[in-house]
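Open the model in your viewer and keep the sequence panel beside it. The tour below says what to select at each stop and what is found there.

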Amino acid sequence: MMRKRMKLDTERITKSKLFWAIVAELLILLVCLIIRPDFFSISYQPSSGMLYGSLIDILNRSSEITIIAMGMMLVIATAGTDLSVGSLVAVSGALALRLMRWDLDLYPTPGDWSITPLYLVIAASLGACLLMGSFNGLLVSRWNMQPIIATLILMVAGRGIAQVITGGKQMTTMFSPFKFIAHGSFLYLPMPVIITAAVILVIYLSTRRTAFGLFIESVGVNRSASRVSGLNARRIIMTVYMISGFLAGISGLIYSSRIISNDSNNAGQGYEMDAILAVVIGGGNMAGGKFNIAGTVMGSLIIRTIITFVYYFGVAAEAIMVFKAMIIAVVIILQSEPIRRMLEKRSRMRRSIQGGALHE
Amino acid sequence: MSKPARTRNTLLNRLMNPKFIMVYATIVVFLLIYTIGALLYGDKGFTTLRTFLNLFIDNAYVGISAVGMTMVIITGGIDLSVGAVASLTGMFIAYGNTILGIDPFICIAFSILIGVALGLAMGAMIQYLKVPAFIATLTGMFFARGVCALISRESIAINHAAFNELAKWRIKIPDVKPLAYVNFNVLLFIVMILIGAYMLQATRFGRNVYAIGGNEQSASLMGLPVNRTKVLVYGFNGLCSVLAGVAYALYVKSGWNLSLQGAELDVISSAVIGGTLLTGGVGYMFGTLFGVLLKSVIPALITFNGTLLSWWAKIGTGVLLLLFIGIQRIVVSASARKKL
């Protein structure tokens with residue numbers, strides 16, 4: 001009896017996507033370690049009060065995508081997609097810089113000052129993104145638009161809005177409280193890592209410690225069935241898109257603080273694809289119905305590790321895209337229904353043979 | 001009973017068929033915006049034939065790609081790889097000709113081979129492995145962009161006598177001032193639209209495409225070749241993307257790995273504005289033609305205005321998309337109510 005349960009457990013572990021995501025990440029890290037043994041070394045820099053090292057860097061740099069992927073994960077769990085997040089990153093940064101610098105003609109030199117207090121800057125940027133997220137949510141939940149096309153609207157228009165906000169200018173700032181968002185540190189770790197951890201924790205508590213996560217998954221499995229069984233499917237979908245917009249706003253603030261500037265054309269370029277990729281690697285299904293927080297975080301880390309790997313070892317940076325394409329192709333083919341059914345059939349056959357042996 | 005059935009078949013009644021509403025909406029909005037432009041900037045030359053034909057010349061590559069995209073969307077799918085494949089075509093031509101010294105037309109043939117193969121591969125992934133079209137074509141996009149960057153990261157100019165000749169070739173429209181003309185890209189665009197319309201409206205293949213988009217399960221139960229048709233549609237779209245890449249290469253006479261970034265959105269929104277339903281089953285090439293024109297008339301208006309900055313075009317496109325999806329929702333829900 002004891003042995004059987006143990007065996008079942010290992011089977012469950014090897015079947016879970018999180019397991020394979022961790023294996024993939026460890027494999028990439030192992031390759032890094034073999035090529036460069038000091039890859040894992042972490043040093044402490046007393047002047048900034050921060051730890052330094054490639055691993056810390058991976059955590060730090062992955063935070064923008066991880067935060068967005070948290071929202072994307074919930075959206076995908078309701079069988080939706082949010083393509084607008086990359087543009088919202090640009091809007092959030094543009095609004096923040098606009099509020100801090102206000103007018104380049106009036107105040108031409110950047111310095112350690114801001115027209116607007118930091119809390120207002122943050123509130124306005126996040127508020128704007130929340131608003132745009134609820135616009136997406138409205139289109140999807142009320143008007144029953146297809147999520148891809150509903151969020152395509154803001155994806156196209158968002159960068160235009162960002163440029164209208166800044167008048168097409170690129171502004172820089174030296175405002176130290178704002179710089180702290182991406183360059184500061186807390187508990188020896190870079191601020192973005194702390195913010196990301198906080199976001200993950202909040203998402204975990206609000207979805208897995210309450211019934212909200214279950215509601216989201218149930219809407220993703222069958223919207224009308226969950227409505228009939230008493231869930232307010234519309235409100236749930238609306239909330240999910242609002243969360244996604246809000247998190248894109250946070251990510252935008254981190255990004256613009258990292259480059260202490262705004263960049264309406266390039267900020268968040270392609271983030272929607274990376275975030276979707278992270279969710280899919282982490283075991284999310286584009287058809288909706290389930291999400292896996294740890295898996296999504298691993299997915300985002302894998303993407304960042306690949307990029308770090310490519311930069312760190314001087315592999316042609318151009319190869320990133322091909323790498324990504326190959327990894328997604330392998331992951332989605334393994335996840336695809338016919339292949340999974342084939343694998344399942346094999347394991348079921350093995351199990352039935354074992355069962356038959358037991359009956360004898 | 002048979003009499004009213006026959007009177008219904010007149011040309012007017014056939015044109016009034018509600019399934020064309022979306023196409024009419026596109027045409028009406030296009031005419032509306034064009035008239036506004038004519039009223040505001042008529043004295044600056046907005047109404048000239050040259051401005052009108054420039055809409056075609058500047059957007060032929062979007063239109064060529066939109067032909068394939070329309071077909072993909074009618075089957076209920078989507079293809080995000082079109083911009084990357086078109087860019088890859090440009091790279092093949094530029095690198096093949098300028099660096100390797102291969103005849104550009106051989107490069108084009110090679111691109112067609114690769115583009116169609118990639119399209120078929122994505123189609124097979126979607127159809128046989130049941131991978132969502134969005135993810136499968138996203139992979140294709142990453143792959144094509146990656147190969148682009150592996151070939152070269154610099155912009156390469158194309159300098160080939162016959163290729164330049166083709167790029168310069170144009171039919172002048174007689175007796176019009178200022179000079180107006182149609183070039184090879186515009187002809188290719190129009191020919192592709194006609195081919196697409198013929199395939200959709202007059203062939204068995206086109207019937208199958210609509211049937212699959214309407215309801216894939218029913219189509220397969222009816223014994224239609226669902227798998228083959230869907231894979232072929234993605235292959236055809238690959239061909240369209242390559243031709244769009246050729247048109248773009250003729251237009252800018254160079255290849256660059258980052259060119260046409262986000263072009264897939266232009267193409268998808270042109271098809272959607274042209275009345276193609278993303279849920280599949282509904283769409284016409286004629287609508288797509290006007291979708292491309294409507295999408296391109298906004299930047300033209302902004303250029304004529306002169307004081308508005310170019311990013312308003314993006315916002316304008318977003319508003320247009322919203323408007324048309326809104327109209328689609330109303331039309332679809334109205335016809336659904338009628339059926340009940």
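Start with chain B and switch on its contacts between residues at least 6 apart in sequence: 76% of them join residues at least 24 apart. Bear in mind throughout that this is a predicted model.

Keep chain B selected and colour it by secondary structure. It shows 15 helices and 4 strands. Its radius of gyration is 21 Å, close to the 20 Å that the globule rule gives for 340 residues, so chain B is as compact as a globular protein of that length. Draw a box along the principal axes, and the C-alpha atoms of chain B fill roughly 70 × 55 × 35 Å. Now colour by accessibility: of the 340 residues in chain B, 54% are buried.

**A single residue in chain B**

Next, select residues 226-252 of chain B, which form helix H12, and pick out Tyr248(B) within that helix. Is Tyr248(B) buried or exposed? Its relative accessibility is 18%, and the cut-off for buried is under 20%, so Tyr248(B) counts as buried.

Show what surrounds this side chain. Which residues is Tyr248(B) in contact with, leaving aside its neighbours within four places in sequence? They are Tyr61(B), Lys253(B), Ser259(B) and Leu260(B). Then add Asp58(B) and draw a C-alpha to C-alpha distance to Tyr248(B): the two lie 9.3 Å apart in space, with their positions 190 residues apart in sequence.

**The interface with chain A**

Bring chain A back into view and select the residues of each chain that are in contact with the other. The selection holds 44 residues of chain A and 36 residues of chain B. Between them the two chains bury about 3,400 Å², and 85% of that area is on carbon and sulfur atoms. A search for salt bridges between chain A and chain B returns 0. The count of residue pairs in polar contact, both at pLDDT 80 or more, is also 0.

Now restrict the view to the side of chain A that touches chain B. The elements giving two or more residues to this side are helices H6 (118-141), H7 (147-166), H13 (271-281), H15 (319-335) and H16 (337-359) of chain A. Select H7(A) for the largest share, 12 residues. Finally, colour this side of chain A by residue type: 30 residues are nonpolar, 9 polar and 5 charged.

How values were computed
Residues numbered from 1 in each chain as written. Chains lettered and ligands numbered in written order. Heavy atoms only, no water. Contact = heavy atoms within 4.5 Å. Buried area = accessible area lost by both parts, 1.4 Å probe. Salt bridge = Lys/Arg side-chain N within 4 Å of Asp/Glu carboxyl O. Polar contact = N/O pair within 3.5 Å; in protein donor to acceptor, adjacent residues only side chain to side chain. Nonpolar A, V, L, I, M, F, W, Y, C, P; charged D, E, K, R; others polar. Rg over C-alpha atoms; globule rule 2.2 N^0.38 Å. Buried < 20%, exposed > 50% of the residue type's maximum accessible area, 1.4 Å probe, protein only.
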